[in-house]
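Here are some notes to read alongside the model, written for someone opening it for the first time. Keep the 3D view handy and follow the points in order.

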Amino acid sequence: MKMTEEEVKDLLVKTNAIMNGHFLLTSGLHSPHYVEKFNVLQHPKYTQQLCEAMAEKFKDADIETVVGPMTGGILLAHETGKALGTRAIFTERVDGKMTFRRGFHLHPGERCLIVEDIVTTGGSIKEVIDVVKANGGIPVAVSMLVDRSGGKVNFGDVPCTALLHLNVETYKPEDCPLCKQGIPMTKRGSTGKK
């Protein structure tokens, strides 16, 4: 199933996954926009649609396994794997380090598609790529639901694609025009990380 960027954006707006307001991001920066992935991922039919669109781009890439990072990446890996007819596994953090657990493993040369929900810096995906390589797999590509990096995200020799590209403004608290206008802060979506 193919979806245009406009169709993806419309679906995210319809499910209130793209939110407008005055948000404190995990990074400590402020933004007038926030993407709450679980507002769309809570709907299995929409998750299936989005993941079929992600899979469509890789149907001829001989993908053997789809890998996503915990938490949102688990849902995306499962549904994308289902669409591609592959297995789906996930990484998780143990003592702050991304790894495979639960008996997950890769055979040497296993072709993996890495999926992620919302990407800003790409740090978690870089860790997943390292885990795949360290376990003998080949990271064929990265597929993102939303790239909000403004085109800055780069995974070296691993190509990446996104269903939706968003340029989200961010401000240091002292430079935030929303603060200067006295607009109340919305903390929704923050992970609470310091």
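1. One definition before we start: two residues are in contact when heavy atoms of theirs come within 4.5 Å. Angles between elements compare N-to-C directions and run from 0 to 180 degrees. Bear in mind, too, that this is a predicted model.

2. Start with helix H1, residues 5-14. H1 lies across E7 and E8, and its direction makes about 55 degrees with E8. Helix H4, residues 72-84, also packs on the sheet. H4 touches strand E3 (65-69), E4, E6 and E7, and runs at about 135 degrees to E6.

3. Now the sheet itself. What is the order of its strands? Reading across, you get E5-E4-E3-E6-E7-E8, an open sheet of six strands with mixed pairing. Strand E5 (97-100) and E8 are at the edges; each has a single partner strand, so one side of each has no neighbour in the sheet. From one strand to the next, the twist averages 25 degrees.

4. Have a look at the E5 edge. Strand E4 (residues 87-94) pairs with E5 in the antiparallel sense, over four bridges. Within this part of the model, Arg93 sits opposite Met98 of E5.

5. Next, helix H3, residues 44-56. Its 13 residues reach 18 Å from the first C-alpha to the last, close to the 18 Å expected at 1.5 Å a residue. Which residues of H3 are buried? They are Tyr46, Thr47, Leu50, Cys51, Ala53, Met54 and Ala55. The cover over these buried residues includes H1, helix H2 (38-41), H4, E6, E7 and E8.

6. Glu79 is worth a click. This residue lies in helix H4, and is it buried or exposed? With a relative accessibility of 14%, Glu79 counts as buried, because the cut-off for buried is under 20%. Leaving aside residues up to four places away in sequence, Glu79 touches Thr47, Gln48 and Cys51. Two of those contacts, Thr47 and Cys51, are among the buried residues of H3.

7. On to the annotated positions. In an unreviewed entry, UniProt lists Thr120 and Arg148 under "binding site". Why can they be said to gather at one spot? They span 29 residues in sequence, yet no two of their C-alpha atoms are more than 5.2 Å apart, so they come together in one place.

8. Taking that pair one at a time: Thr120 is in the loop between strand E6 (111-119) and helix H5 (123-134). Thr120 counts as partly exposed, at 37% relative accessibility. Beyond residues up to four places away in sequence, Thr120 touches Arg148 and Ser149. Arg148 is in another loop, the one between strand E7 (138-147) and strand E8 (160-165). With the same sequence neighbours left out, Arg148 touches Val35, Ile118, Val119, Thr120, Leu166 and Val168.

9. There is a longer "binding site" annotation as well, again from an unreviewed UniProt entry. According to that record, it covers Arg93, Glu116, Asp117, Ile118, Val119, Thr120, Thr121, Gly122, Gly123 and Ser124. Ile118 is one to pick out: its place is in strand E6, and it is buried, with a relative accessible area of 14%. Not counting residues up to four places away in sequence, Ile118 touches Val35, Lys37, Val146 and Arg148. Val35 also appears among the contacts of Arg148.

10. Finally, the cysteines. How many disulfides are there? The count comes to zero. Cys112 is in no disulfide, and the nearest cysteine sulfur, in Cys51, is 17 Å away. Cys112 is buried, at 0% relative accessibility. For Cys160, the closest cysteine sulfur is that of Cys112, 17 Å off, which is too far for a bond. Cys160 is partly exposed, with a relative accessible area of 34%.

Notes:
Residues are numbered from 1 along each chain as its sequence is written. This is a predicted model: local features need pLDDT of at least 70, side-chain atom pairs count only at pLDDT 80 or more; totals for chains, interfaces and linings use all residues. Side-chain values use heavy atoms; hydrogens and water are left out. UniProt positions are given in the numbering used here, feature names are shortened, and annotations may be inferred rather than shown by experiment. Helices (H or I, at least four residues) and strands (E, at least two) are DSSP runs, numbered from the N terminus. Buried means under 20% relative accessible area, exposed over 50%, partly exposed in between (1.4 Å probe, protein chains only). A disulfide is a pair of cysteine sulfur atoms within 2.5 Å. Two strands pair if DSSP finds at least two bridges between them. The expected span of a helix is 1.5 Å times one less than its number of residues.
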